[in-house]
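This briefing is meant to be read alongside the sequence and the coordinates. It moves from charged pairs to nonpolar cores and then to a sheet.

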Amino acid sequence: MYVIALCDDERKELDKTERMLAAYQKEHSGCVFVVRRFESASGLLEAVKEEGYTPDLLLLDIYMPYRTGMFAARQLREMGNEGRIIFLTTSKEHALDAFGVGATQYLVKPVTEKELFPVLEKSLGEIDNKRSRYLLLRIDGKIQRVALEQILACEAQGKRQCLHLADGSQAILRMTIAELSKMLAEYEEFVKVGASYIINLAHVDSLNCQEVSLDSGKSIYLPRGAYASLRERYFHYYCGGG
């Protein structure tokens with residue numbers, strides 16, 4: 001499922017774009033869009049700020065009264081929204097500005113399905129790739145999304161696991177290290193060390209036969225016999241295509 005925001009001050013343009021999205025869904029079975037329409041940049045920004053609305057993809061007109069689509073895009077980025085942005089507009093004038101807000105594409109109206117569909121495919125693929133780099137974990141009784149790159153290491157504490165995160169915080173998981181290791185098995189940067197640790201090799205600064213030093217300053221002491229296999233995994237990760 002993809003949450004998509006459309007923002008244009010002309011209803012006929014919103015109708016047209018929504019029809020093209022429906023046509024794309026029809027050609028791609030299993031592709032589900034949840035579309036929300038906005039007739040002003042202010043309405044979109046208010047939904048994001050007040051309601052916590054977080055669209056995966058935004059199709060924005062640039063020329064709108066009071067606040068432009070470019071203004072909305074800059075505000076969204078400042079609020080931390082990382083959704084893919086596609087500008088649909090009547091002029092090429094702001095094409096360079098689009099790069100400044102990380103826009104995926106800049107299409108000049110009238111936009112056709114032939115122009116929009118490849119851009120949608122690229123954008124949705126990028127969204128899927130990003131989603132695959134997160135874990136959904138139960139933390140403090142709530143399901144939370146944790147970016148893999150933010151995980152430094154995991155330390156077993158009986159049937160609970162302590163995640164050490166890049167921002168210096170910790171999160172407690174009520175699961176075994178075997179269960180967590182299974183969740184991380186497809187990501188080559190994560191390696192189980194002994195019975196008590198899973199380490200993210202992307203955050204390893206150095207290692208020797210006694211300990212691993214992470215880029216956060218944290219050190220993890222290695223169990224006897226763990227160094228040789230860890231060193232091999234470390235070199236493979238950085239030199240063997242990792």
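**Salt bridges**

D61 and K109 are joined by a salt bridge in which the closest N and O atoms are 3.4 Å apart. The model is a predicted one, and the pair links distant parts of its chain, with D61 in the loop between β3 (57-60) and α3 (69-78) and K109 in the loop between β5 (105-108) and α5 (113-131), 48 residues apart. Both D61 and K109 are buried.

- In general, side chains of opposite charge can pair when their charged atoms come close; in this structure there are 7 salt bridges.
- Between E126 and R84 there is a further salt bridge, its closest N and O atoms lying 2.8 Å apart; this pair, too, links distant parts of the chain, since E126 belongs to helix α5 and R84 to strand β4 (residues 84-89), 42 residues apart.
- E126 has a relative accessible area of 26% and is therefore partly exposed, given that this class lies between the limits of 20% for buried and 50% for exposed.
- Through salt bridges that share partners, D8, D61 and K109 are joined into one network.
- The side chains of E18 and R37 also meet in a salt bridge, at 2.9 Å from N to O, and this pair links distant parts of the chain: E18 is in helix α1 (residues 11-27), whereas R37 is in strand β2 (residues 33-38), 19 residues apart.
- E18 counts as partly exposed because its relative accessibility is 30%, and R37 counts as partly exposed because its relative accessibility is 32%.

**Nonpolar cores**

- In soluble globular proteins, nonpolar side chains tend to be buried together; the largest nonpolar core of this model has 23 residues, and those with the most contacts inside it are F38, L44, Y53, L58, L60, I85 and F87.
- At least two residues of this core are supplied by each of β1 (2-7), α2 (41-51), β3, α3 and β4, and the largest share, 5 residues, comes from α2.
- I85, one of the core residues with the most contacts, is in contact with L58, L60, A73, R77, V101, A103, T104 and Q105 when its neighbours within four places in sequence are left aside.
- Apart from this core lies another, of 22 residues, among them Y2, L6, Y24 and L116.

**An open antiparallel sheet**

- Five strands form an open sheet in the order β10-β9-β8-β12-β11, with antiparallel pairing; its edge strands are β10 (170-173) and β11 (190-193), each of which pairs on one side only.
- Neighbouring strands of this sheet are turned by 20° against each other on average, if direction is ignored.
- The edge strand β11 and strand β12 (residues 197-200) pair in the antiparallel sense over 4 bridges, and V193 stands opposite Y197 in β12.

**N200 in strand β12**

- N200, which lies in strand β12, has a relative accessible area of 2% and is therefore buried, the limit for that class being under 20%.
- The side chain of N200 reaches the backbone oxygen of L148 at 3.5 Å.
- Residues up to four places away in sequence not being counted, N200 touches L148, I151, L152, E189 and F190, so that the contacts of this buried residue include F190, a residue of the edge strand β11 (190-193).

Definitions and conventions. Residues numbered from 1 in each chain as written. Predicted model: local features only at pLDDT ≥ 70, side-chain atom pairs only at ≥ 80, totals over all residues. Heavy atoms only, no water. Pairing = 2+ DSSP bridges. Axes fitted to C-alpha atoms, helices over the stretch in contact; angles between N-to-C directions. Buried < 20%, exposed > 50% of the residue type's maximum accessible area, 1.4 Å probe, protein only. Polar contact = N/O pair within 3.5 Å; in protein donor to acceptor, adjacent residues only side chain to side chain. Contact = heavy atoms within 4.5 Å. Salt bridge = Lys/Arg side-chain N within 4 Å of Asp/Glu carboxyl O. Core = buried A, V, L, I, M, F, W, Y, C linked by side-chain atoms within 4.5 Å.
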